[in-house]
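The following exercises are to be solved with the sequence and the coordinates at hand. Each task is followed by a worked solution.

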Amino acid sequence: MQRIKPAWRTHWFRAQVLGHQLLRADVVQLELSPENAWPQAIAGQHVLLTVEINGRLMTRPFSISSAPDQSHSQYPKKRVIRLTIKTNIDGAFTATLLANIAAGGYVNLSAPQGEFTLSDSVLSQPSTSLWFVAAGSGITPFMAMLNQLALLPRQPKNPIELVYFAKVGEHLYVDELMALQQQLSLFTVKLLIRKHGHNLADALIDCTVKSQVLICGPSQFKDDVDQQLDAMKHPKAQRQAEFFQAPTFAQTAAGEQHVNLTQRGQQSQLVLAANDTLLSGLEQQGISANFGCRIGVCHQCQCVKKSGVVRNLHTGEISQPGEQLIQLCISQAVTPLELEL
């Protein structure tokens, strides 16, 4: 199958690499053409991108930064999606991404995922203003939304405010945003820099309790926006958020927890640090476990907890003591555990 269809994998979709462009030294724009069976995305959704790196399949989640109906002048007969990826020199995935893909080659995509999307009910209420609040590469899902709104037969009647924070010289898609501001008559762009004295209090001062607010950026930025909106009495029900890494919660009490592990029929007894994730703890013990994104999105590190209690670092939720599926990368041991990989 790999000879006939390179990168074919069950439960995944193939996508041909059309090309890439460096937007900055640390940001690459990747153009992909998914196979016809790939489901159409909704603006704001993300996909899991799988690439073979050094003989190992690695997966990371990335927001789609192009509109579902957006055409591409270079590839008029192809369905094209755009991923905007910030690279990390120390990252196992992004640091070597360009060395492991080439135009004409293939990668794998999941079906589109996520609920960080604009609802039709909001767009049907012209009195509801839309606030897009982004930091850094958190602009990517908003680029998809804005381009999709610009393609609608009728322009939305909702006032749209984009509040976009980035470091000096690091705002992405500035020219495209200026063009969208010309196309969407009720769209306003604010490119802000904290170093220049810009702050959330001033940026959000005109946001009302009826406004629909969408937030995307690092988890600390999301927390800062929430804190500001809480001070303004803005209702949480009027907010949606997507953030890059799991928010931090108070760690479990210092100490260790015992884990009885069954892996491929072999049993072992381990002692893991209680304030570390199960995935990290297993790796420190030399145990190889499946993983992908390491931030709780792709579910490749899912395993069966036969007994014991864990804390979910995404939600802070404490599990029931019985059998259930858990994700190793976002779970901490609260009590002794029995795991089956």
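**Exercise 1.** Leaving aside its neighbours within four places in sequence, which residues is Val271 in contact with? Determine also whether Val271 counts as buried, partly exposed or exposed.

*Solution.* The model is a predicted one.
Step 1: locate the residue; Val271 belongs to strand β13, which covers residues 266-273.
Step 2: list the contacts beyond four places in sequence; these are Glu256, Gln257, His258 and Gln285.
Step 3: assign the exposure class. The relative accessibility of Val271 is 32%, so this residue counts as partly exposed, given that the class lies between the 20% and 50% limits.

**Exercise 2.** Describe how strand β1 is paired with β2 and with β6.

*Solution.*
Step 1: β1 (residues 13-24) and β2 (residues 27-34) are antiparallel and share 8 bridges; Gln21 faces Gln29 of β2.
Step 2: 2 residues lie between β1 and β2, and the two strands form a hairpin.
Step 3: β1 also runs antiparallel to β6 (residues 106-109), with 4 bridges joining them. Ala15 has Val107 as its bridge partner in β6.

**Exercise 3.** How does the radius of gyration of the protein chain compare with the globule rule?

*Solution.*
Step 1: count the elements; the protein chain has 6 helices and 18 strands.
Step 2: compare the radii. The radius of gyration is 22 Å, close to the 20 Å that the rule gives for 341 residues, so the chain is as compact as a globular protein of that length.
Step 3: add the burial; 48% of the 341 residues count as buried.

Definitions and conventions. Residues numbered from 1 in each chain as written. Predicted model: local features only at pLDDT ≥ 70, side-chain atom pairs only at ≥ 80, totals over all residues. Heavy atoms only, no water. Buried < 20%, exposed > 50% of the residue type's maximum accessible area, 1.4 Å probe, protein only. Contact = heavy atoms within 4.5 Å. Pairing = 2+ DSSP bridges. Rg over C-alpha atoms; globule rule 2.2 N^0.38 Å.
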